[in-house]
Amino acid sequence: MGETQLLVERRDDRVVATLNRPAVRNAIDQATIDALHVLCAELEAIPRTLILTGAGGVFASGADIAQLRERRADDARRGINAQAFIRVAELPMPVIAALDGYALGGGAELAYAADIRIATPALKIGNPEPGLGIIAAAGASWRLREIVGEARAAELLLTGRTIGAAEAHEIGLVSELHPADELLPAAHAIADRIGRNDRAATIATKRVMRAPRAAHPAVDLDEQAVLFESPEKMRRMTEFLERKQK
């Protein structure tokens, strides 16, 4: 390949994965998708928080158009990018997307698969797929409306309009804005905060958040029943009560 499409830094409680095709603004090609699947397999087996970011001041400019142009109906039905992004979204521990520069097309859809999105003021995010004769079929059509609401998602997807960081923050697409040199430290600060919580409770929280509306409240109560019996719950609550008494 001549390059490593996904640079992976592993720590005890988190993994930082950097999209790394700066010559093509980190366009997501088949090798990147393959690397994401390998990483997801690792994080499914050993759950840790995942921080996704991009090299060279860009998250991802989209799918690799040269490869996309050659794909046909059978490729579309395979959901090459969609299946990888579903796997990212369904990882047991939280996924944080740290976005700088372009997050377009497939890059935006990968960002939508994250649980938490933060960005720099240089962010440009959107789904221009209809201008290329296709749709945003790797998650935007359902994830974006869940994030920003149906009306805003419809306007963005039907026009293919790219928005900047201020508007993305205003509509709740990203939760925080940071200067470029503070973006990754801010992502690590979020991961630190997550890491101070009980890991089992974090996994359970993400699981119930991803459950369909019809599954509530039963799914919440089932998860809570397991946690109510956990030694970690007892330890943490005992420590809380002891601190309160001092």
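The following exchange between a trainee and a mentor walks through selected features of this predicted model.

Trainee: In what order do the six strands of the open sheet lie, and which strands are at its edges?

Mentor: The sheet is an open one with mixed pairing, and its six strands follow the order 1-2-3-4-6-9. An edge strand here is one that pairs on one side only, and that description applies to strand 1 (6–10) and strand 9 (176–177).

Trainee: How do strand 1 and strand 2 run, and which residue of strand 2 stands opposite Glu9?

Mentor: In general, strands of a sheet pair through backbone hydrogen bonds, either parallel or antiparallel. Strand 1 and strand 2 (residues 14–19) run antiparallel and are joined by five bridges. Within this pair, the residue that stands opposite Glu9 is Val16.

Trainee: Which residues stand opposite Ala97 and Leu99 of strand 4 in the neighbouring strands?

Mentor: On one side, strand 4 pairs with strand 3 (residues 49–54) in the parallel sense over three bridges, and Ala97 stands opposite Leu52 there. Strand 4 is also joined to strand 6 (residues 116–119) by four bridges, again with a parallel run. For Leu99, the residue opposite in strand 6 is Ala119.

Trainee: How many of the residues of strand 4 are buried?

Mentor: Both faces of the strand are covered, with Val95, Ala97 and Leu99 buried on one side and Ile96 and Ala98 buried on the other. Strand 4 (residues 95–99) is therefore largely enclosed by the rest of the structure, the count of buried residues being five of five.

Trainee: How many residues of helix 4 are buried?

Mentor: The buried residues of helix 4 are Ile80, Asn81, Ala82, Ala84, Phe85, Val88 and Ala89. Helix 4 (residues 80–89) is thus described as mostly covered, and the number of buried residues is seven of ten.

Trainee: How are helix 6 and helix 7 oriented to each other, and what is the class make-up of their contact?

Mentor: The axes of helix 6 (residues 140–148) and helix 7 (residues 150–159) come within 7 Å and cross at roughly 135 degrees, and the two helices are therefore oblique to each other. The contact is made by Ala140, Ser141, Leu144, Arg145 and Val148 of helix 6 together with Glu150, Arg152, Ala153, Leu156 and Leu157 of helix 7. Sorted by class, this contact has six nonpolar, one polar and three charged residues.

Trainee: Is Ala168 buried or exposed, and what is its relative accessibility?

Mentor: Ala168 is placed in helix 8 (residues 165–170), and, leaving aside residues up to four places away in sequence, it touches Leu123, Ile125, Ile163, Leu173 and Val174. Because buried means under 20% relative accessible area, Ala168 counts as buried, at a relative accessibility of 0%.

Trainee: Which of Arg25 and Asn26 is buried?

Mentor: Most residues other than glycine have a negative phi. Arg25, however, has a positive phi of about 50 degrees, and Asn26 has a positive phi of about 60 degrees; Arg25 lies in the loop between strand 2 and helix 1 (30–45), and Asn26 is found in that loop as well. Arg25 is partly exposed, with a relative accessible area of 46%. The buried residue, at 2% relative accessibility, is Asn26.

Trainee: What is the omega of the cis peptide bond that joins His216 and Pro217?

Mentor: In general, most peptide bonds are trans. Pro217 lies in the loop between helix 10 (199–210) and helix 11 (218–228), and the cis bond that joins His216 to Pro217 has an omega of about 5 degrees.

Terms used:
Residues are numbered from 1 along each chain as its sequence is written. This is a predicted model: local features need pLDDT of at least 70, side-chain atom pairs count only at pLDDT 80 or more; totals for chains, interfaces and linings use all residues. Side-chain values use heavy atoms; hydrogens and water are left out. Axes are lines fitted to C-alpha atoms, for helices over the stretch in contact, and angles run from 0 to 180 degrees between N-to-C directions. Angles under 35 degrees count as roughly parallel, over 145 as roughly antiparallel, 65 to 115 as roughly perpendicular and the rest as oblique. Contact means heavy atoms within 4.5 Å. Ala, Val, Leu, Ile, Met, Phe, Trp, Tyr, Cys and Pro count as nonpolar, Asp, Glu, Lys and Arg as charged, and the others, Gly among them, as polar. Two strands pair if DSSP finds at least two bridges between them. Buried means under 20% relative accessible area, exposed over 50%, partly exposed in between (1.4 Å probe, protein chains only).
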